[in-house]
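Let's take a walk through this structure together, one stop at a time. Have a look at it first, and then we'll start with a single residue.

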Amino acid sequence: MDRAAIIGVGQTKYERGKTKNFAELVYEVVRKALDDAGMELDDIDNVVTTTNDFWDGRTIACMAIAEAAGSYGRDATNVEGDGTLSSFYGLMRTLSGVYNSTIVTTHCKVSEGSPRKLFNQAFDPVYERILGLDAISSSALQARAYMNRFGITEEQCAMVSVKNHRNAKNNPYAHMPLDITVEDVMKSPLLAEPIKRLDTSPISDGACALIIATEEEARKRAKRPVWVKGVAHCTDAYRLGERDLTYSNALEMAARKAYQMAGITGPFRQIDVAEVYDAFSYMELMWYEGLGFCGRGEGGKLIESGKTEMDGELPVNPSGGVLSAHSVQVAGMVRIAEAVLQLRGEAGERQVPGAKDALAHGINGICGQTHCIWILSNEES
Amino acid sequence: MDNETIFEVEERDSLLVHQGVIRVPYTWAAGEVASRFYIGLRDKKIYGIRCPNCDVVFVPPKKVCHLCFDNLTEWVEVSDEGTLETFTIVHYNEPELHPMKAPFAYGIVKLDGADTGMVHLIGEADLNRIRKGMRLKAVFREKLEGNYLDIKYFKPIQRANHG
């Protein structure tokens, strides 16, 4: 792969009930990303937005926010899905040889829709949709399958929530910084067993933007370019009953491919900081395993070891993760933006000292049907 | 009205919030595979479809094997009894979504003769006694409508404890 770099990032604060509309949120992060990169819109030659018509409550939703993303007179296109996927598309356009600098945006106001009803629409209308499953109840089926298979305890899942909400206290963008204990999580209301309120991510509104540039453009403009070393995306079966719910093969395949591109042979040892898509607490443990941070079934032991805490060998979700801010299709791009801040040494109180190589992870679909992995570095080779 | 859009406006600190409802009628062709599956249920028969290359029986059936990309045509009848692979007990109510009132259970059931699990409701069960590996049997709806709830739910198979 030719070299490309992320040279600008912008995020809103994530919170419930934001009063800015979609276009206002998109404009805020595009302006921030341009300022961060020291660029003006004239320096951007193409635009990739991320929308979902159901979440936005309108069809061709991309056209309604395109102007705020800088589309006028430019090649503007759209991806429906997680922000890691629109970023991947933005990267490909950057590498196509046609464009120099790509702006990628994503926004979502989860609080304005009806999250459970909208998520239910992801199920097949001629088969399971009528059962009324949503993100919580379908993930509960996965959580139980995973926990049963490997003897993962609810307390081990709760430790993820405790860690990430604590980390969020260091992140001014986070929605839910909390001082909580394992006992607090265990005592929080049962939603769909074994998932309890504090095992879930919040309903957050927000937006995020990245600027991705060719090597030439990055060298010309960026003080601290963050290089894309590896990126991969992999898809599992659509139906839950056809997947191994105890282990994500799609994640393992995506991670292997991204590691290979980046020359990573020992991910736990070589990666300095990871931002993963922990929509529910159990997911972070499952993703540890698929990412090869530990062996199969050892996610519970890894969180207990403290090695993924801020002062551990591989801090995971210093930002507080998705458990502390979940603007759905924004959340994956936030993982990339946070990794970029870490690699520039600009992550403030949540900085992992001396981080050189970072991993960002996004998911799409029911119970992580697809996984997208980015390996980023502040070193050129 | 089938297609109504209600607009209400709220104001807070000179910022307006518009509220509406989107209700859009839609039709979905079930396709040849799901149609045949539902027509089979009329005779209380559950059909799966087998991939001869992968030796996998998909229940509910589908047109294309995701593993080998072959077009599937080999119909097989599977049992109306199976084993529970995973489950959850739901404690919140969503009256417009849920066919049952909370608390109720969802599970993934692998029917005897099938290689994939069916996501469904678990009914007539003591929620405290639902366990992975328990045996379940399909309960059919009296008046069939041609959708997924023609199997109302799966109920635990009571083991005879006498005679």
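Is A:L291 buried or exposed, going by the other C-beta atoms within 10 Å? Keep in mind as you look that this is a predicted model. A:L291 turns out to be buried, because 28 other C-beta atoms lie within 10 Å, and 20 or more is what it takes to count as buried. You'll find A:L291 in a loop of chain A, the one between α12 (281-290) and α13 (299-305). If you skip its neighbours within four places in sequence, A:L291 is in contact with A:L251, A:A255 and A:P267. For a sense of distance, try A:A122: it is 169 residues from A:L291 in sequence, and the two C-alpha atoms are 26 Å apart in space.

Now for another loop residue, A:G312. This one sits in the loop between α13 and α14 of chain A. A:G312 is partly exposed, because it has 15 other C-beta atoms within 10 Å, and partly exposed covers the counts between 12 and 20. Leaving out neighbours within four places in sequence, A:G312 is in contact with A:G306 and A:K307. Look across to A:A33, which is 279 residues away along the chain, and the C-alpha atoms of the pair are separated by 31 Å.

Time to step back and take in chain A as a whole. Its secondary structure adds up to 14 helices and eleven strands. Along the principal axes, the C-alpha atoms of chain A fill a box of roughly 55 × 45 × 35 Å. How does that sit with the idea of a compact globule? For 381 residues, such a globule would have a radius of gyration near 21 Å, and chain A has 19 Å, which agrees. Of those 381 residues, 62% count as buried. Contacts in chain A also reach a long way along the sequence: of those between residues at least 6 apart, 77% join residues at least 24 apart.

What about the inside? The largest nonpolar core has 171 residues, and A:L210 and A:L376 are the ones with the most contacts inside it. Let's pick A:L210 and see what surrounds it. Beyond its neighbours within four places in sequence, A:L210 is in contact with A:I6, A:G8, A:V9, A:A33, A:S87, A:V104, A:M333, A:I336 and A:A337. You've met A:A33 already, as the partner in the 31 Å separation from A:G312.

One of those contacts, A:S87, takes us to a helix worth a visit, since A:S87 is among the buried residues of α4(A). Helix α4 of chain A covers residues 83-95, and at 1.5 Å a residue its 13 residues should span 18 Å; the end C-alpha atoms are 18 Å apart, so expectation and model agree. Ten of the 13 residues are buried, which means α4(A) is largely enclosed by the rest of the structure. Besides A:S87, the buried ones include A:G83, A:T84, A:F88 and A:R93. After α4(A) comes A:G97, with a positive phi near 90°.

Which helix does α4(A) pack against? That would be α14 (residues 331-343) of chain A, at an angle of about 65° and with the axes 5 Å apart. On the α4(A) side the contact is made by A:G83, A:T84 and A:S87, and on the α14(A) side by A:A331, A:G332, A:M333, A:R335 and A:I336. Sorted by type, the residues of this contact are three nonpolar, four polar and one charged.

Finally, over to chain B. Here the secondary structure comes to one helix and ten strands, and along the sequence they run β-β-α-β-β-β-β-β-β-β-β. Chain B has a radius of gyration of 21 Å, well over the 15 Å that the globule rule gives for 163 residues, so it is more spread out than a compact globule. Its C-alpha trace spans about 70 × 45 × 30 Å along the principal axes, and 31% of its 163 residues count as buried.

So where do the two chains meet? In all, 32 residues of chain B are in contact with 29 residues of chain A. On chain B's side, β6 (81-90), β7 (104-111) and β8 (118-122) each supply at least two residues, and β6(B) gives the most, with six. The residues on that side of chain B divide into 19 nonpolar, nine polar and four charged.

How values were computed
Residues are numbered from 1 along each chain as its sequence is written. Chains are lettered from A and ligands numbered from 1 in the order in which they are written. This is a predicted model: local features need pLDDT of at least 70, side-chain atom pairs count only at pLDDT 80 or more; totals for chains, interfaces and linings use all residues. A nonpolar core is a set of buried Ala, Val, Leu, Ile, Met, Phe, Trp, Tyr and Cys residues joined through C-beta atoms within 7 Å. Two residues are in contact if their C-beta atoms, placed from the backbone, lie within 7 Å. Helices (H or I, at least four residues) and strands (E, at least two) are DSSP runs, numbered from the N terminus. The expected span of a helix is 1.5 Å times one less than its number of residues. Ala, Val, Leu, Ile, Met, Phe, Trp, Tyr, Cys and Pro count as nonpolar, Asp, Glu, Lys and Arg as charged, and the others, Gly among them, as polar. Axes are lines fitted to C-alpha atoms, for helices over the stretch in contact, and angles run from 0 to 180 degrees between N-to-C directions. The radius of gyration is taken over C-alpha atoms; the globule rule is 2.2 Å times the number of residues to the power 0.38.
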